[in-house]
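Here's a quick briefing for anyone meeting this structure for the first time. Have a look at it, then read on for helices, a sheet and some backbone oddities.

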Amino acid sequence: MTDYDVIVVGLGPAGAIAAYELSRRGHRVLAVDRSSLPRSKVCGGALTVRASALIPFDISGEVEQTIQGIRLNFCGKDPFVIETTEPVAYTVSRDRFDYLLASKAEAEGALLCDGVEVVEWKDENDEVTVRSQQDEWRCRYLIAAEGLNGLIRRGGGTPSSRGAVGVESEIPYQEVGQADHSLIQVDLGSAPEGFGWLLPKRDHHATGVSGAERKVKSAGELYGQFIENQGILKEASGQTVSVFQRIPSGEGTSLHDGNVLWVGDAAGLIDPLSGDGLYYALLTGLIAAEVISNNLLGEGTALSAYTARVRAETTEEFRVAHRFSRLFHRWPETSYRFLQSRKWVAELYFEILRGRERYSHIWPVIRKEWLRFAWRYWLTPREPRTQPLKQTTLGAFWRKGSELLFRRDRADRSLHPERRAHRRA
C-alpha cells in the first residue's frame with residue numbers, strides 16, 4: 001500500500017497546478033518544495049492571456065499590470081510603440097502567484113511540505129520511493145517539477161543545442177506616476193540571437209537580457225551593456241541580479257520514464273521565440289494530472305499518453321517558433337525595421353499570446369513578407385548621396401526578381417552588413 005497516489009516535487013506553476021487538479025479529482029497528493037513558501041523568485045512573470053485561460057480559478061488579485069502592447073527599440077535607440085485594445089498578457093509577482101496556486105492545491109486536499117528537499121528517489125516494482133533528510137514516502141506516480149536543475153533529471157533523447165543564458169533583475173521605476181505600465185519593452189540587438197526586456201510590475205520593471213549560450217561570452221557584460229543602452233544604470237545599481245540558463249528538450253526526448261514524468265521547465269518546454277515558460281508549465285501540469293488520474297482510475301494504460309499529448313501540442317509549434325527566432329534574432333536590425341514598417345505582424349503575434357492563432361498558421365505569410373522587405377532593405381544604399389537603387393544596374397536585376405540571387409558578386413559591395421551575414425550563413 002502506497003502512502004500517496006502522487007508525489008509532486010516542486011511547487012512552481014507546473015507542479016502546483018498539477019497538485020491542484022489531482023487533488024480536485026479526489027487523489028491523495030503530497031507536494032514537496034525545497035524552499036519555504038512563499039519564496040522570492042526573480043522572474044519576468046509575464047502571464048499571457050492564453051496561459052491565464054488555463055487556470056480554473058480567479059487570479060485577478062495577483063495581476064500587477066495588464067499588458068496591451070509593446071515598445072520596441074534597437075540597442076536602446078529609436079523606439080516605437082504598437083498598442084492594441086485587448087490585453088495580451090498580465091504581469092504577476094512569482095512569489096505571490098506561485099503561493100496562490102499552491103494554496104489552492106492545499107485547499108483541495110493536497111498535503112504541502114515546504115522547506116523540504118528531496119535527496120533520493122527510486123522507481124521500481126510499479127512504485128516510487130521518495131526520500132528527504134527526515135522522511136520517506138511511497139507513491140504510484142512521481143511528477144518532477146523542480147525546474148532545470150532539480151534532482152530528478154530527464155534522460156535519453158537527442159540533446160538540444162539551442163540553450164540560452166541570461167541575467168534578470170528587478171529595477172525600481174524612475175517615475176512611478178508618469179510611466180506607461182501597459183507596455184512591455186523589448187530591445188532587439190542587445191544579445192546574440194536573443195533580446196532584452198523590461199516588464200512592468202507594481203513598483204518596478206522585471207529587467208533582463210538573454211542570448212544563445214554558445215555565443216554569449218559573459219552574461220554579466222551582456223547585462224551591463226543592456227542596462228547602459230536603456231539608460232537605467234543608476235537605477236540598476238545595487239539591485240540583486242540572477243543568472244539563468246534555459247535548455248530546451250530535444251524532439252526525441254521522452255517526458256516520462258516508468259512512473260515518473262516531467263513538467264514545465266523540468267521538461268525543457270520553453271517557447272523558442274519569446275522564452276515564455278509559464279504557458280507550457282500550466283499546460284503540462286494539467287495534462288500530467290489528467291493522464292495520471294486516468295491511470296489511477298483504470299481508464300488509462302501508461303504515461304506514454306502524456307508524452308504523446310505534450311509533443312502533439314508543442315513539436316510543430318516549437319519547430320516553427322524556432323524558425324521565427326532564427327529570422328528575427330539573427331538579423332535583428334532588419335527585423336526591427338521590418339516590424340517598424342509592418343506593425344500588423346505584431347498584431348498577429350498578439351493573437352498567438354491570446355490563444356487565437358498558432359505559429360504554424362502565420363509563418364508562411366510573415367516569412368514571405370520578411371524576405372520581400374529584407375531584400376529591399378539590404379539593397380538600399382546606406383549613404384544618402386549614393387545613387388538611388390532604381391537607377392543602378394543592380395536595380396534592374398532586382399526588378400527581375402529571383403535573377404538577382406545569381407548576381408551576388410556584383411551586389412555585395414552595396415549590400416547592408418546583415419545581408420552579407422546572410423550570405424555567409
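**A first look**

Strands S3 and S7 (residues 89-92) run antiparallel and are joined by 3 bridges. Helices (H or I, at least four residues) and strands (E, at least two) are DSSP runs, numbered from the N terminus, and two strands pair if DSSP finds at least two bridges between them. Keep in mind that this is a predicted model, where local features need pLDDT of at least 70 and side-chain atom pairs count only at pLDDT 80 or more, while totals for chains, interfaces and linings use all residues. Residues are numbered from 1 along each chain as its sequence is written, and side-chain values use heavy atoms, leaving out hydrogens and water.

**The small print on terms**

- Buried means under 20% relative accessible area, exposed means over 50%, and partly exposed is in between (1.4 Å probe, protein chains only).
- Contact means heavy atoms within 4.5 Å.

**The sheet**

- S3, S7 and S4 line up in that order as an open sheet of 3 strands, with antiparallel pairing.
- At the edges sit S3 and strand S4 (63-67), each of which pairs on one side only.
- From one strand to the next, the twist averages 30° (axes are lines fitted to C-alpha atoms, for helices over the stretch in contact, and angles run from 0 to 180 degrees between N-to-C directions).
- Across the S3-S7 pairing, Leu47 stands opposite Tyr90 in S7.

**Helix H1**

- H1 is mostly covered, with 11 of its 12 residues buried.
- Among those buried residues are Pro13, Ile17, Tyr20, Glu21 and Leu22.
- The cover over H1's buried residues includes strand S1 (4-9), S2, H3, strand S11 (136-144) and H6.
- From first C-alpha to last, H1 reaches 16 Å, close to the 16 Å expected at 1.5 Å a residue; the expected span of a helix is 1.5 Å times one less than its number of residues.
- Gly26 follows H1 and has a positive phi, near 95°.

**Helix H3**

- H3 (residues 94-107) has 14 residues that should span 20 Å at 1.5 Å a residue, and its end C-alpha atoms are indeed 20 Å apart.
- Its buried residues are Arg94, Phe97, Asp98, Leu100, Leu101, Ala102 and Ala105.
- They pack against helix H1 (13-24), S3, S7, strand S8 (111-114) and helix H6 (278-296).
- After H3 comes Gly109, with a positive phi near 120°.

**Helix H9**

- In H9 (residues 344-354), the buried set is Val345, Ala346, Phe350, Glu351, Ile352, Leu353 and Arg354.
- Covering them are, among others, strand S3 (46-48), helix H2 (49-52), strand S5 (69-74), strand S6 (77-83), helix H8 (332-341) and helix H10 (359-379).
- Gly355, just after H9, takes a positive phi of about 85°.

**Backbone oddities**

- Most residues other than glycine have a negative phi, and most peptide bonds are trans.
- Leu37 and Pro38 are joined by a cis peptide bond, with omega about -5°; Pro38 is in the loop between strand S2 (29-33) and S3.
- Asp78 isn't a glycine, yet its phi is positive, near 55°.
- This Asp78 is found in strand S6 and counts as partly exposed, at 38% relative accessibility.
- Asn125 also isn't a glycine and has a positive phi of about 55°.
- You'll find Asn125 in the loop between strand S9 (118-124) and strand S10 (127-132), where Asn125 is exposed with a relative accessible area of 73%.
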